[in-house]
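Subject: Structure handover

Hello,

Please find the structure below, followed by notes on what was found in it. The terms are explained where they come up.

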Number of protein chains: 2
Amino acid sequence: MENPPEKTPAAWEGTPSWLLTQTAHHAHRLVADGFSSVRARGYHYRLLATLEESGPASQAELGRRSGIHVSDMVATVNELSDRRLVERALDPSDRRRNIVSLTAAGRRQLRVLEERLARTQEELLAPLAPEERQVLTGLLARLLEHHDRRSGASGEARS
Amino acid sequence: MENPPEKTPAAWEGTPSWLLTQTAHHAHRLVADGFSSVRARGYHYRLLATLEESGPASQAELGRRSGIHVSDMVATVNELSDRRLVERALDPSDRRRNIVSLTAAGRRQLRVLEERLARTQEELLAPLAPEERQVLTGLLARLLEHHDRRSGASGEARS
DNA sequence: ACGAACCGTTGGTGACTCCAATGATTGTGC
DNA sequence: GCACAATCATTGGAGTCACCAACGGTTCGT
């Protein structure tokens, strides 16, 4: 051709939304890669971590706590209970519910995932100085809180 | 129940990767919402913008320029050409290729999408002061560049 | 006891990304 | 010139994350 020399950096590449989503894509890939080496994915970690933090609960309750949609919770619990990382037991006091709880193996798996996750954070923020990392997380946290409030506003378990 | 009072903020909620992906999720939703009101999605905008910036090209070439996977390019071009926003013509000099080009309607649509996108950026960054916005985009850009280099390293059409 | 609300489950949608395989076409090496 | 390699468009699939509608079973409020 006769017009390719132009190295146009693409209009959208400077937009905050692009920077955010692309960086997040890298972050997600790093996390997923770290998890996949132990046959896990994001939902697995979130569920295990939620279970350890707030204890056994019904799937609906866990969904509220972890932000995982109830219908996705089914598959997640299935996958984890197939590998004996969580246990699904009937609630004798309410036969609608399954009470999901962490097994010893699940707790061990969680430790592994936490370690993987921590290493990923390092990798993700590698090019930034400690100070800059704080600035970044601070700004992101503010953005996140702002948008969480106006839409969804999840994370309310309190009565 | 009898044990919900604990308001555990969840371990992962402070991790940079969580903040990033969640904020990006909001960003993506805002952008998608803005686009969907004119029946468009991210790929449509990216393709239209790429076409305007670097001119008509084959689908493979457009894929390289826009970062859209070739197999997704097919569907994207289909959708846009169905609505006469782009044109798919056979390349007389190479019968393997389709030469995709922008129509007048496509250019108009691009103007609309750009306007939507710009408004979305405002919405996204609403809680941040102008100075903070610059800091954020700067940090994100550095992260993105870093990770773009080590993986993929796409965006190289020049020799 | 009846209806409302809740629970788990199934099955589907959508966006974005990526991969493998295929047939047609072009270019290259010999 | 011809066989082989490379390129192009296309199809079909996968995987992650998120969300929705509907179902039957269960419990709760009235």
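Two strands are said to pair if DSSP finds at least two bridges between them. Helices (H or I, at least four residues) and strands (E, at least two) are DSSP runs, numbered from the N terminus. By that rule, strand 2 (residues 86-90) of chain A is joined to strand 3 of chain A by 5 bridges, and the two run antiparallel.

Before the rest, some notes on the source. This is a predicted model, in which local features need pLDDT of at least 70, side-chain atom pairs count only at pLDDT 80 or more, and totals for chains, interfaces and linings use all residues. Residues are numbered from 1 along each chain as its sequence is written, chains are lettered from A and ligands numbered from 1 in the order in which they are written, and side-chain values use heavy atoms, with hydrogens and water left out.

The sheet of chain A

Within the pairing of strands 2 and 3 of chain A, A:Glu87 has A:Ser101 as its bridge partner. Strand 3 (residues 98-102) of chain A also pairs with strand 1 (residues 57-58) of chain A, in the antiparallel sense, over 2 bridges. There, A:Ser58 has A:Ile99 as its bridge partner.

Together these strands of chain A make an open, antiparallel sheet of 3 strands in the order 1-3-2. Strand 1 and strand 2 of chain A are at the edges with a single partner strand each, so one side of each has no neighbour in the sheet. Helix 2 of chain A packs on this sheet and touches strand 1, strand 2 and strand 3 of chain A; contact means heavy atoms within 4.5 Å. The direction of helix 2 makes about 90° with that of strand 3 of chain A. Axes here are lines fitted to C-alpha atoms, for helices over the stretch in contact, and angles run from 0 to 180 degrees between N-to-C directions.

The sheet of chain B

Chain B has an open sheet of 3 strands too, with order 1-3-2 and antiparallel pairing. Strand 2 and strand 3 (residues 98-102) of chain B pair over 5 bridges, and B:Ala89 stands opposite B:Ile99 in strand 3 of chain B.

How the chains relate

Chain A superposes on chain B by a rotation of 180° with 0.0 Å of shift along its axis (RMSD 0.1 Å). That is the relation of a two-fold axis. The fit is by least squares on the C-alpha atoms of residues with pLDDT of at least 70 in both copies. Both copies use the same surface: 95% of the contact residues of chain A recur in chain B.

The interface

The contact takes 58 residues from chain A and 56 residues from chain B. Between them the chains bury about 5,300 Å², 70% of it on carbon and sulfur atoms; buried area is the accessible area (1.4 Å probe) that two parts lose on being put together, summed over both.

There are 3 salt bridges between chain A and chain B (a side-chain nitrogen of Lys or Arg within 4 Å of a carboxyl oxygen of Asp or Glu). B:Glu132 forms a salt bridge with A:Arg142, with the closest N and O atoms 2.5 Å apart.

Regards
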